[in-house]
Amino acid sequence: MLDTHGLRAAFARSLSAMYGTEVPAYNTLVDVSTAVNRDYVEKHPETAERLGRIDRVTAERHGAIRVGTADELRRVAHIFAALGMSPVGFYDLRGAQETSLPIVSTAFRPTSPEALALNPFRVFTSVLVTDDRRYFDEELQAELDTFLAGRTLFPDEVVDLAAEAEKAGGLGDDDAEHFLRIATACFELSDEPVDRSWYRRLAGISGVAADIGGVTTTHINHLTPRVLDIDDLYRRMSELGITMIDEIQGPPRWEGPDVLLRQTSFKALAERRRFREEDGSVADGTLSVRFGEVEQRGIALTPAGRDLYDRMILDVDELAAGRDPAGRNDAKLEVWRRNLPADEDGLAERGLAFFTYAVAHDLPAGEPPADLTSLVADGWLVRTPIVYEDFLPRSAAGIFASNLDDTGSRDSEREGSPRDEAWFAQAMGREVHDPMKLYAEQQARSLSDAAGTLGITIDAEEATP
Ligand code: OOG
Ligand code: NI
């Protein structure tokens, strides 16, 4: 029997093997990432594993998929549930003015620290918003909805087996193998011919709309390994002659603590696809939609920390207006040094980041103090940062935009259609977890366990603003 966590790890491996045969550059990225991590651990043996053990980090991947309808979302949610992955967070990528992304997203991932430690596989999942009038008029929406209703991305057999696995907490060996095979197949690039004029019509509005609604199948869009030093990765990939996007998205490299998430990618590659022409004939062509991405994860920020981060990003925009990518990086550095504490103590004392607390092995003599800062400073408690397990909407939009050929068109005068967590929850019949709540609960649990062990009440006001 393969349990939920075993299924998740096996699925991540299966998807990775499949994607490597489809996009060989992904294998290069994985090889370079592995080398970067190995060298990093060698050079920084004391601190390298502060944000995750090296075996976890080496196996760690996130994927991205894009579906067209609420029903497709509900069906794929079954597959992820079988793998112990629940929807977490809500991302509205329609907001950014300069980009045209008619989608909303959530991330499927394990939610408990134990499951994350076993295998943290996560999938950023976007759904097309066909009734958003800024992108699709009534007529096009009707055509699009009809097209989407006529396809099956996730066959009954996969969904039924997934439901069985979810209920039983795993599958017997034979069923598991079968399930992994047919679930992986759902995300393979299809050689079903693409209707060229339909695809083109949608691409005129948005490359993502065409990628989702212009074809009768879906595919994994990218798989992302995690590295401990993304600047080193960027340098090594460039040296191999692979053109990366101009910028590393998210926080800059600096001397203080790494927070949230840094990401970069290489451009979408031209892949051979078949097209059906208007006269019914089939011809070869190419599409560039799939790319390679890599990420470095940092410490999870509290709501106060996240507000600060969002304000800092606006400051960077202002300061960096008109500058090139190198200038933009300088602007980030300046803003970071001005606003963020230079170490983890500062983050903890200002309540900007989440941590877990464990009772120290060798306790000091005497009575423990009551407040959290002294408990850590005096050696009663050991503080460990909680790693950020989610995504950043701004970076996601940046990754999409930098990898699409055209920016598309949208009529911002018209009304967008409402979408939120509740829409996602309703579509799937499943709870959408609030990422902040998950981090806060993990921190609170560690504090109450520690308090219990020491037999005291901990005053942790600064940690839980
Ligand atoms: C998803 C883009 C978002 C990330 O890492 O922020 C993403 C997509 O391209 O479908 O994967
Ligand atoms: Ni990604």
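**Cavities, salt bridges and helix faces in the predicted model**

A search of the whole structure, which is a predicted model, finds three cavities of 30 Å³ or more. The volume of the largest cavity is about 130 Å³. Its lining is made up of 13 residues, and those closest to the centre are Phe124, His222, Glu293, Ala396 and Ile399. At least two lining residues of the largest cavity come from each of strand S2 (61-67), strand S10 and helix H16 (393-403). By class, the lining of the largest cavity holds seven nonpolar, four polar and two charged residues.

The second largest pocket encloses about 640 Å³ of space. A total of 32 residues line this pocket, with Arg56, Pro113, Ala117, Val387 and Gln442 nearest its centre. Three helices and two strands each contribute at least two residues to the lining of the second largest pocket: helix H3 (54-59), helix H5 (113-118), strand S11 (355-359), strand S12 (381-385) and helix H18 (435-454). The lining of the second largest pocket comprises 15 nonpolar, seven polar and 10 charged residues. Arg56, one of the residues nearest the centre of the second largest pocket, also belongs to a network of salt bridges that links it with Glu60, Arg122, Arg226, Glu295, Arg297 and Glu389.

Side chains of opposite charge can pair when their charged atoms come close. In the model as a whole, 39 salt bridges are found. Three individual pairs are described here. In the pair formed by aspartate 132 and arginine 134, the closest N and O atoms are 2.8 Å apart. Both aspartate 132 and arginine 134 are buried.

A salt bridge also joins the side chains of glutamate 271 and arginine 290, with an N to O distance of 2.9 Å. The two residues are 19 residues apart and belong to distant parts of the chain, glutamate 271 lying in strand S9 (residues 261-276) and arginine 290 in strand S10 (residues 282-297). Glutamate 271 is buried, as is arginine 290. Strand S10, which carries arginine 290, is also among the elements that supply at least two residues to the lining of the largest cavity.

The third pair consists of arginine 328 and aspartate 317, whose closest N and O atoms are 3.4 Å apart. This salt bridge connects helix H13 (residues 325-339), which holds arginine 328, to helix H12 (residues 303-320), which holds aspartate 317; the two residues are 11 residues apart and the pair links distant parts of the chain. Arginine 328 has a relative accessibility of 19% and therefore counts as buried, the cut-off being under 20%. Aspartate 317, with a relative accessible area of 26%, is partly exposed.

Two helices were examined for the placement of their buried residues. Helix H7 (residues 156-168) contains 13 residues and reaches 18 Å from its first C-alpha to its last, close to the 18 Å expected at 1.5 Å a residue. Val158, Val159, Leu161, Ala162 and Ala165 are buried in H7. These residues lie on the same side of H7 because they cover an arc of only 165° around the axis. Lys167 and Ala168 are exposed and sit on the face of H7 turned away from its buried side. An α-helix has 3.6 residues a turn, so residues three or four places apart point the same way.

In helix H17 (residues 421-428), the buried residues are Phe424, Ala427 and Met428. Viewed down the axis of H17, these residues fall within an arc of 85°, so they line one face of the helix. The face of H17 turned away from the buried side carries Ala422 and Gln426, which are exposed.

The loop between helix H11 (230-239) and strand S9 contains methionine 244. Methionine 244 has a relative accessible area of 6% and is therefore buried. From methionine 244 to tyrosine 234 the C-alpha to C-alpha distance is 7.3 Å, and the two are 10 residues apart in sequence. Leucine 260 is found in the loop between H11 and S9 as well. At 1% relative accessibility, leucine 260 counts as buried. Most residues other than glycine have a negative phi. Leucine 260, although not a glycine, has a positive phi of about 55°.

Key:
Residues numbered from 1 in each chain as written. Chains lettered and ligands numbered in written order. Predicted model: local features only at pLDDT ≥ 70, side-chain atom pairs only at ≥ 80, totals over all residues. Heavy atoms only, no water. Salt bridge = Lys/Arg side-chain N within 4 Å of Asp/Glu carboxyl O. Buried < 20%, exposed > 50% of the residue type's maximum accessible area, 1.4 Å probe, protein only. Helix = DSSP H or I, 4+ residues; strand = E, 2+ residues; numbered from the N terminus. 1 Å grid on protein atoms, 1.4 Å probe; cavity = no way out; pocket = protein on both sides within 12 Å on 5 of 7 lines; lining within 4 Å. Points joined across faces, edges and corners; volume = space filled by probe spheres on them. Nonpolar A, V, L, I, M, F, W, Y, C, P; charged D, E, K, R; others polar. Expected span 1.5 Å × (residues − 1). Arc of directions from axis to C-beta.
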